[in-house]
Amino acid sequence: MATAAKNAKLRHNEYYGKQSTLDELYNQSLRNAKFKKLYEKIINESNILLAYRNIKANPGSITKGTDSKAIADIASMTNEQVLCGVPR
């Protein structure tokens with residue numbers, strides 16, 4: 001069962017084209033690299049949508065956030081609306 005969850009996460013990363021970026025960052029971290037411009041990678045549209053998709057798949061996502069919204073409230077939004085709701 002854990003393998004199925006791991007594979008689902010991999011598909012999410014690949015769906016948004018983030019797997020190669022994440023692999024590269026991981027490999028650099030193994031070499032004790034110093035990172036620059038990580039914020040640009042974090043606020044990237046595909047990364048925000050990936051985070052949303054991963055949160056949506058989490059059973060604990062029914063808990064409301066600091067904005068009093070649960071993932072179900074956000075589920076009715078378009079991708080553009082989700083992106084506009086994330087401060088950058």
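Visitor: Let's start in a loop: where is Ser-61 found?
Guide: This is a predicted model, so we're talking about computed positions throughout. Ser-61 isn't placed in a helix here; Ser-61 is found in the loop between H4 and H5.

Visitor: And is Ser-61 buried or exposed?
Guide: Buried means under 20% relative accessible area. Ser-61 has 11% relative accessibility, so Ser-61 counts as buried.

Visitor: Which residues does Ser-61 touch, leaving out those up to four places away in sequence?
Guide: On one side of the sequence, Ser-61 touches Ile-55 and Lys-56. The other contacts of Ser-61 are Ala-70 and Ile-71.

Visitor: Staying in that loop, is Thr-63 buried or exposed?
Guide: Thr-63 also has its place between H4 and helix H5, which covers 71-75. Exposed means over 50% relative accessible area. Thr-63 has 59%, so Thr-63 is exposed.

Visitor: What does Lys-64 touch, not counting residues up to four places away in sequence?
Guide: Lys-64 is found in the loop between H4 and H5, and with a relative accessible area of 56% Lys-64 is exposed. Thr-63 touches Lys-69 and Ala-70. For Lys-64, the contacts are likewise Lys-69 and Ala-70.

Visitor: What is phi of Ser-68, in the loop between H4 and H5?
Guide: Most residues other than glycine have a negative phi. Ser-68 has a positive value instead, with phi near 65°.

Visitor: Which residue just after H2 takes a positive phi?
Guide: Look in the loop between H2 and helix H3 (38-42). The residue there is exposed, at 68% relative accessibility. Its phi is about 55°, and the residue is Asn-32.

Visitor: How many helices does the protein have?
Guide: From the N terminus on, the elements run α-α-α-α-α-α. There are 0 strands, and the helices number 6.

Visitor: Where is confidence lowest in the protein?
Guide: The protein averages a pLDDT of 85, and 89% of the residues score at least 70. H2 has the highest confidence, at 93. Where pLDDT is low, the predicted coordinates should not be read in detail. The lowest mean is 67, in helix H1 (residues 2-15).

Visitor: How far apart are the end C-alpha atoms of H2?
Guide: H2 takes in 12 residues, 19-30, and at 1.5 Å a residue they should span 16 Å. The model agrees with that expectation, with the end C-alpha atoms 17 Å apart.

Visitor: How does H4 do on that check: how far apart are its end C-alpha atoms?
Guide: H4 covers residues 45-57, which is 13 residues, and at 1.5 Å a residue they should span 18 Å. That agrees with the model, where the distance is 19 Å.

Visitor: Which residues of H4 are buried?
Guide: Across the protein, buried residues make up 18% of the 88 residues. An α-helix has 3.6 residues a turn, so residues three or four places apart point the same way. In H4, the buried ones are Ser-46, Ile-48, Leu-49, Leu-50 and Tyr-52.

Visitor: Which element gives the largest share of the largest nonpolar core?
Guide: That core has 5 residues: Tyr-16, Ile-48, Leu-49, Leu-50 and Leu-83. The largest share is 3 residues, and they come from H4.

Visitor: What does Leu-49 touch, not counting residues up to four places away in sequence?
Guide: Two of its contacts belong to the core, Tyr-16 and Leu-83. Leu-49 also touches Asn-79.

Visitor: Which of Tyr-15 and Tyr-16 is buried?
Guide: The cut-off for buried is under 20% relative accessible area. Tyr-15 comes in at 57%, so Tyr-15 is exposed. With 18%, the buried one is Tyr-16.

Visitor: How are the planes of Tyr-15 and Tyr-16 arranged in their aromatic pair?
Guide: The count comes to 1 aromatic pair. In this pair, the rings are 4.9 Å centre to centre, with 85° between the planes. Planes over 60 degrees apart count as edge-to-face, and this pair is edge-to-face.

Visitor: Which residue has its charged end over the ring of Tyr-15?
Guide: The charged end lies 4.5 Å from the centre of the Tyr-15 ring. The residue is Arg-53.

Key
Residues numbered from 1 in each chain as written. Predicted model: local features only at pLDDT ≥ 70, side-chain atom pairs only at ≥ 80, totals over all residues. Heavy atoms only, no water. Phe/Tyr/Trp six-rings, centres within 6.5 Å; stacked < 30°, edge-to-face > 60°. Buried < 20%, exposed > 50% of the residue type's maximum accessible area, 1.4 Å probe, protein only. Lys NZ or Arg CZ within 6 Å of the ring centre and 35° of its normal. Helix = DSSP H or I, 4+ residues; strand = E, 2+ residues; numbered from the N terminus. Expected span 1.5 Å × (residues − 1). Core = buried A, V, L, I, M, F, W, Y, C linked by side-chain atoms within 4.5 Å. Contact = heavy atoms within 4.5 Å. pLDDT = per-residue confidence, 0-100.
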